[in-house]
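Please walk me through this structure. I would like to see how its parts fit together.

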Amino acid sequence: MAIIINLDVMLAKRKMRLNDLSESVGISIQNLSILKTGRAKAVRFSTLNAICQVLECQPGDLLEYQPDQDAP
């Protein structure tokens with residue numbers, strides 16, 4: 001996938017654990033884990049908004065575009 005999720009990077013920068021983010025945002029650890037590992041197929045803007053609010057970051061801090069190597 002061409003979209004990279006940098007949630008683990010932002011958690012490390014904020015010295016926060018996934019459990020703490022889960023409690024603050026109100027999203028299950030399992031769903032955050034799916035997002036963190038890049039297995040999510042979609043993310044709601046309300047979820048992105050809540051994560052950015054708690055981590056005090058911009059959506060661009062969490063999402064990164066990298067072109068696929070096999071793309072024409």
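**From the end of a helix inward**

Just after helix H4, Glu56 takes a positive phi of about 50°. The model is predicted. That residue is a good place to enter it.

Step back into the helix itself. H4 spans residues 45–55. Its buried residues are Thr47, Leu48, Ala50, Ile51, Cys52 and Leu55. What covers them? The cover includes helix H1 (7–13), H2, H3, helix H5 (59–62) and strand E2 (63–65).

Take Ile51 from that buried set. Its relative accessibility is 1%, and buried means under 20%, so Ile51 counts as buried. Which residues does Ile51 touch, leaving out those up to four places away in sequence? They are Leu7, Val25, Leu32, Leu35 and Leu62. Val25 also shows up in the backbone geometry. The C-alpha atoms of Ile51 and Val25 are separated by 6.4 Å. Along the chain, these two residues are 26 residues apart.

Now turn to two of the covering helices. H2 runs over residues 18–25, and H3 over residues 29–36. Two packed helices are described by the angle between their axes and the distance between the axes. For H2 and H3, the angle is about 120° and the axes are 9 Å apart. Angles of 65 to 115 degrees would count as roughly perpendicular, and those over 145 as roughly antiparallel. H2 and H3 are therefore oblique to each other. Their crossing is right-handed.

Which residues make the contact? H2 supplies Leu18, Asn19, Leu21 and Ser22. H3 supplies Ile29, Leu32, Ser33 and Lys36. By class, the contact has four nonpolar, three polar and one charged residues. Leu32 links two parts of this account: it belongs to the contact of H3 with H2, and Ile51 of H4 touches it too.

One feature remains, and it involves charge. Side chains of opposite charge can pair when their charged atoms come close. How many salt bridges does the structure hold? There is one. It joins the side chains of Asp20 and Arg17, at 3.7 Å from N to O. The cut-off is 4 Å, so the pair qualifies.

Is Arg17 buried or exposed? Arg17 has a relative accessible area of 52%, and the exposed class starts over 50%, so Arg17 is exposed. Asp20 has 31%, which means that Asp20 is partly exposed. Set this against Ile51, which is buried at 1%.

How values were computed. Residues numbered from 1 in each chain as written. Predicted model: local features only at pLDDT ≥ 70, side-chain atom pairs only at ≥ 80, totals over all residues. Heavy atoms only, no water. Buried < 20%, exposed > 50% of the residue type's maximum accessible area, 1.4 Å probe, protein only. Axes fitted to C-alpha atoms, helices over the stretch in contact; angles between N-to-C directions. Helix = DSSP H or I, 4+ residues; strand = E, 2+ residues; numbered from the N terminus. Parallel < 35°, antiparallel > 145°, perpendicular 65-115°, else oblique. Left-handed = near helix turned anticlockwise from the far one by under 90°. Contact = heavy atoms within 4.5 Å. Nonpolar A, V, L, I, M, F, W, Y, C, P; charged D, E, K, R; others polar.
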